[in-house]
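Reader: Could you walk me through this model and show how each label follows from its cut-off? I would like to see the values set against the definitions.

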Amino acid sequence: MGGLAICVFCASSSRIDRRHLELAEQVGAELARRGHSLVSGGAKVSCMGAVARAARAGGARTVGVIPQALVSVEIADQDNDELIVTPDMRSRKAEMDRRSDAFLVLPGGIGTLEELLEIWTSRVLGMHDKPLVILDPHGMYEPLRDLVVKLADHGFVRPGAFDAISWSRSVPEAFDLLEVRQVHLTPTGEDYAEAEP
């Protein structure tokens, strides 16, 4: 299966370890090798810039989506095949969502967490069937995974939440998971029912 528009959520911080930039470069190269295109946050800094440059180096089309307020802060990547400037963060996320067939999450900050949780939530609620994969070779998201398991154990998160997401520690495996057709998830009344006392 080829030709997916893959949205990569990742870091914009310049204070991170070099290994995270190398992971982003590997992702961009693999994305291009498999014939996909990239949708990203539209900045040329940190992991966002690294994944886009590597994707273009491999011949992939790249689309960047950046809010007006961050054009100068994150330094918009003018080398994108298409650069879309949105009025705000909400419209940025909506545009990235609309243009993407699948979502890959790399280690990142609270902005990345927000993007991850929004796409994960809408997938659990049956609002889309797009693959969602966390690529976490260094265990950055293990505390989040443990938290969601704990929330599920206490009834705050429905049991099917983990059916809506895949976790991977390697770049090839992550792309294999992104290329798998997803099962539609439909929440039922029981998902919202009050727990037994």
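Author: Happily. Let us start with Trp120, which has 4% relative accessibility and therefore counts as buried. This is a predicted model, in which local features need pLDDT of at least 70 and side-chain atom pairs count only at pLDDT 80 or more, while totals for chains, interfaces and linings use all residues. Residues are numbered from 1 along each chain as its sequence is written, and side-chain values use heavy atoms, with hydrogens and water left out.

Reader: What makes Trp120 count as buried?

Author: Buried means under 20% relative accessible area, exposed over 50%, and partly exposed in between, with a 1.4 Å probe and protein chains only. Trp120 has 4%, so the buried label applies.

Reader: Why does Phe162 count as partly exposed?

Author: Phe162 has a relative accessibility of 26%, so it falls in the class between those two limits.

Reader: Why is the pair of Trp120 and Phe162 called edge-to-face?

Author: Rings of Phe, Tyr and Trp (its six-membered ring) pair if their centres lie within 6.5 Å; planes under 30 degrees apart count as stacked, over 60 as edge-to-face and the rest as tilted. Here the centres are 5.8 Å apart and the planes stand at 70°, so the pair is edge-to-face. Trp120, Phe162 and Trp167 form one aromatic cluster.

Reader: How many aromatic pairs does the structure hold, and what makes Phe9 and Phe103 a stacked one?

Author: There are three aromatic pairs. The ring centres of Phe9 and Phe103 are 5.8 Å apart with planes at 15°, so this pair is stacked. Phe9 is in strand 1 and Phe103 in strand 5, so the pair ties together parts 94 residues apart in sequence. Strands here are DSSP runs (E, at least two residues) and helices likewise (H or I, at least four), numbered from the N terminus. Both Phe9 and Phe103 are buried.

Reader: Which residues touch the most other members of the largest nonpolar core?

Author: They are Ile6, Val8, Val27, Leu104, Leu106, Leu135 and Phe175, out of 33 residues in that core. A nonpolar core is a set of buried Ala, Val, Leu, Ile, Met, Phe, Trp, Tyr and Cys residues joined through side-chain atoms within 4.5 Å. Apart from it lies another core of 24 residues, among them Phe103, Trp120, Ala164 and Trp167.

Reader: What is the strand order in the open sheet?

Author: The seven strands follow the order 4-3-2-1-5-6-7, with parallel pairing. Two strands pair if DSSP finds at least two bridges between them; strand 3 and strand 4 are joined by five bridges.
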